Amino acid sequence: IKSFNPDLIIAPSLAADSFTIDLTLTANINKIKSLILINSWDNLVSKGVIPIQPSYLGLWGFQSIKHAVKVQQIHEKKLVILGVPRFESYFKKIKVSDSIHRFNDIPSNKKIILYASTVMPFDDITALKSLNDELINNPDFKDYVILFRAHPEMMARFDEVNLEDCNFEKVFIDKHTANFYRSRFNGSAKPSTINETSLDYYPTLLKNVVGIVGPPTTLTLEGLINGKPCLMICYNDGKNHHLSPEKMSKFENVKEVLSLEGVYPCYEEDELLNNFRKMITASSDNKLSKKIIQATDKFVYSDKLPYSKRLYNFIENIFQK
């Protein structure tokens, strides 16, 4: 940094990772301005306190301002709302097609409900069995199936069962993470396949599902950004206690999402099927879909400008000052 002598240092961050803590300290010592871009939805409330403050903090949306001020004790004059670059495609018009059906070998006449697993341990199989049985036994839901997407960095579950051994008639596995999921059971586990899914796949996936189910995870928020109702699992499965959905549901960022219309929090396992039915019913309500999209604006900001232009404009403003 001394040899390059920059006027400004920009870096993405988890909010409390060692690299950007060192980077900010070095910038402050050398009187260099720094802009730290918060990487994910929960970072300001779940990753600890930022011990050394940068000159500026780039945020996802208006919700993040409260977290930065109240939790991180950062003055508002240091904050700028920039949005999320990897979510930009969600705000573009993408046609509903059968490409997700074809890719995952799902009949084209079926309506897809996405089950998004989280990185944290949770008994997905028991939940999926209940949902699968409901789709089989309820004649009103004969046209619905579930697409299970394994989290590409999911931690081991207690007494975990391989979904492919369960023969659930109504549950399909998302092929993008299927090989990683299988490798966890056949002894050839890879550390992660997080970069193997093209970012173009996500908007296509989320435009073509009718609803989303899962513990609190960023992918559930992404579904809401696309106007999809959400059944959010917020109970402890009784087996996996390391940062359970019950605990995650108490995070400030999640609590605000749980209060939205179109989000059906499930705080007890006994509530799962009832809320699942509500979510499916809501999935055909186009007016509700528009309300969900509007409500998520406070979590992820967007406007007519691309993220890069918003970032450029803010940097230009820094130098003008």
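The following questions and answers cover the sheets, cavities, a pocket and the salt bridges of a predicted model.

Local features need pLDDT of at least 70 and side-chain atom pairs count only at pLDDT 80 or more, while totals for chains, interfaces and linings use all residues. Residues are numbered from 1 along each chain as its sequence is written, and side-chain values use heavy atoms, with hydrogens and water left out.

Me: Which strands stand at the edges of the sheet with the order S1-S2-S3-S4?
Reply: Strands are DSSP runs of E with at least two residues, and helices are runs of H or I with at least four, both numbered from the N terminus. Two strands pair if DSSP finds at least two bridges between them, and the four strands here form an open sheet with parallel pairing. An edge strand has a single partner strand, so one side of it is left without a neighbour in the sheet; this holds for S1 (8-13) and S4 (79-81).

Me: In S2, what is the bridge partner of Leu-8?
Reply: S1 and S2 (residues 33-38) pair in the parallel sense over six bridges. The partner of Leu-8 in S2 is Lys-33.

Me: Which helix packs on the sheet and touches S1, S2, S3 and S4?
Reply: Contact means heavy atoms within 4.5 Å. Axes are lines fitted to C-alpha atoms, for helices over the stretch in contact, and angles run from 0 to 180 degrees between N-to-C directions. Helix H3 (residues 62-70) touches S3 (56-59) and S4, and makes about 165° with the direction of S4. The helix that touches S1, S2, S3 and S4, at about 155° to the direction of S2, is H13 (residues 307-320).

Me: What is the order of the open sheet of six strands?
Reply: The edge strands are S7 (171-173) and S10 (263-266), each pairing on one side only. Inside the sheet, three bridges join S5 to S8 (residues 211-214), which run parallel, and Leu-114 stands opposite Ile-212 in S8. The order is S7-S6-S5-S8-S9-S10.

Me: Which helix gives the largest share of the lining of the largest cavity?
Reply: On a 1 Å grid over the protein atoms alone, a cavity is a set of points where a 1.4 Å probe fits but cannot get out, a pocket is an open set with protein on both sides within 12 Å along at least five of seven lines, and lining residues have an atom within 4 Å of a point. Grid points are joined across faces, edges and corners, and a volume is the space filled by probe spheres set on the points. The largest cavity holds about 70 Å³, and its lining divides into seven nonpolar, three polar and no charged residues. Three of the lining residues come from H1 (residues 18-29).

Me: How many residues line the second largest pocket?
Reply: This pocket has a volume of about 260 Å³, and helix H12 (residues 286-295) gives the most to its lining, with four residues. The closest to the pocket centre are Lys-228, Ser-283, Asp-285, Asn-286 and Ser-289, and the lining residues number 16.

Me: With which side chain does that of Asp-105 meet in a salt bridge?
Reply: A salt bridge is a side-chain nitrogen of Lys or Arg within 4 Å of a carboxyl oxygen of Asp or Glu, and the structure holds 13. Asp-105 lies in the loop between H4 (99-103) and S5 (111-116), and its partner, 70 residues apart, is in H6 (residues 175-186). At 2.7 Å, N to O, the partner is Lys-175.

Terms used
Nonpolar A, V, L, I, M, F, W, Y, C, P; charged D, E, K, R; others polar.
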